[in-house]
Every structure is written in C-alpha cells, then in structure tokens.
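Me: I keep running into words like "buried" and "salt bridge". Can we go through what earns a residue those labels?

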Amino acid sequence: MSRTRSAINLNIIFLSFYNFLLRKTEKKHSKTYDYTQYVSGRDYIFESIDNQAKGYMTGLGTGIKRGDHIILCNNSNTCRYQVEDIDYYSEPPNMWIALLQEVDFE
C-alpha cells in the first residue's frame, strides 16, 4: 500500500515539475510586436472592451500566436497587450483577429 502511495506521490511531483517547466518555456518563447508606428483605423482596428483593458484587434501579420505581446498607442498612451486568443482569416492568410488583454510593461 505504501509503495502505491509513493509511486502516486512521485507521479504528482513529476507532473507538477513538468507543468512548471512547460509554463516557463512558453513564456520565454513569446514575441513582442510593436504596432505603435501603424495608424489605428487604417493599418489595424482595435475595438476596446472594459475601458481599454481588453479588446479585439484586427490586423495584418504572420507568426503572431497566443501568449505573444502587442504594443499599441491608445489616445497618446502606449499600452502592452497579451494575445489571449487569435484566429487567422483564410483570405488574406496574413489577416487575423485577436482577443487582447492589457499587461504591465516588464
């Protein structure tokens, strides 16, 4: 019986450590895309939700994925957002819509 408990405890410890490493790896591989030089309404569209803390953005670009960061200018303020979810259009293939969540600059 104690042998079974030891094996279960070791599995739990291993899985916890694995999940910790996986989260660390995901954070290191995120990229930041600077859209401050682009014009809102012409180059991209940002639809605010919750007083700029969240929003939907439609833009062009490739390689953007969940967990990446996008920097935007909102009313002369520079804001950093994390991509919570992103979907690419089929035509044109580099057009996407993403749900963004504002995060602090690190």
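**Labels and cut-offs**

Reply: Sure, and let's start with threonine 58, which sits in strand β3 (residues 54–60); strands are DSSP runs of E, at least two residues, numbered from the N terminus. Keep in mind that this is a predicted model, where local features need pLDDT of at least 70, side-chain atom pairs count only at pLDDT 80 or more, and totals for chains, interfaces and linings use all residues. Residues are numbered from 1 along each chain as its sequence is written, and side-chain values use heavy atoms, with hydrogens and water left out.

Me: Why is threonine 58 called buried?

Reply: Buried means under 20% relative accessible area, exposed over 50%, and partly exposed in between (1.4 Å probe, protein chains only). Threonine 58 has 15%, so it counts as buried.

Me: What does threonine 58 touch?

Reply: Leaving out residues up to four places away in sequence, threonine 58 touches Tyr44, Ile45, Tyr89, Met95, Trp96 and Ile97 (contact means heavy atoms within 4.5 Å).

Me: What makes aspartate 68 and lysine 65 a salt bridge?

Reply: You need a side-chain nitrogen of Lys or Arg within 4 Å of a carboxyl oxygen of Asp or Glu. Here the closest N and O atoms are 3.1 Å apart, so the pair qualifies. Aspartate 68 is at 0%, so it's buried, while lysine 65, at 36%, is partly exposed.

Me: How many salt bridges does the structure hold?

Reply: Two. Arginine 42 and aspartate 43 also form one, at 3.2 Å from N to O.

Me: Why is arginine 42 called exposed?

Reply: Its relative accessible area is 64%, so arginine 42 is exposed. Aspartate 43 has 26%, so that one is partly exposed.

Terms used:
Helix = DSSP H or I, 4+ residues; strand = E, 2+ residues; numbered from the N terminus.
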